[in-house]
Amino acid sequence: MKPEILAGIHPVNEALRAARRDIREVCLASEKKGGRPAQIKQLALSAGIPVKRLTAEKITALAGDRRHQGVAARVGPLPLYALPDLIASVDNGRPPFLLL
């Protein structure tokens, strides 16, 4: 299956933290060195995910949009769960609350 591209600091950061998707690589703009991109780099490397440095123009081409904040990631599809499996996974002694 073709990988998806996540673009932006928050989407990539949350995908790394949630660890629900197969993240194939993280791309950071070579112009961005510190702050949040550095934190994303650390998260990726600690999870064994390759990090590439690209120009902002190459990240724009990859993301298909200029609003990427110097951060993008190639990711696999978000896993889907069947409703019975989702309900069965809730084990807190109370009926589950699901908003569909």
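What share of the contacts in the chain with a separation of 6 or more comes from residues 24 or more positions apart? The figure is 72%, where contact means heavy atoms within 4.5 Å.

Before going on, I should say that this is a predicted model, in which local features need pLDDT of at least 70 and side-chain atom pairs count only at pLDDT 80 or more, while totals for chains, interfaces and linings use all residues. Residues are numbered from 1 along each chain as its sequence is written, and side-chain values use heavy atoms, with hydrogens and water left out.

Along the sequence the pattern reads β-α-β-α-β-α-β-α, with helices (H or I, at least four residues) and strands (E, at least two) taken as DSSP runs numbered from the N terminus. The radius of gyration, over C-alpha atoms, is 16 Å, well over the 13 Å that the globule rule (2.2 Å times the number of residues to the power 0.38) gives for 100 residues, so the chain is more spread out than a compact globule.

Turning to the interior, 28% of the 100 residues count as buried, that is, under 20% relative accessible area with a 1.4 Å probe, protein chains only. The largest nonpolar core, meaning buried Ala, Val, Leu, Ile, Met, Phe, Trp, Tyr and Cys residues joined through side-chain atoms within 4.5 Å, has 14 residues. Its largest share, 4 residues, comes from α1. I40, which is among those with the most contacts inside this core, touches I9, V12, N13, L16, V26, L28 and V71, leaving aside residues up to four places away in sequence. A second, separate core of 6 residues includes C27, A29, I59 and L62.

Key: Buried means under 20% relative accessible area, exposed over 50%, partly exposed in between (1.4 Å probe, protein chains only).
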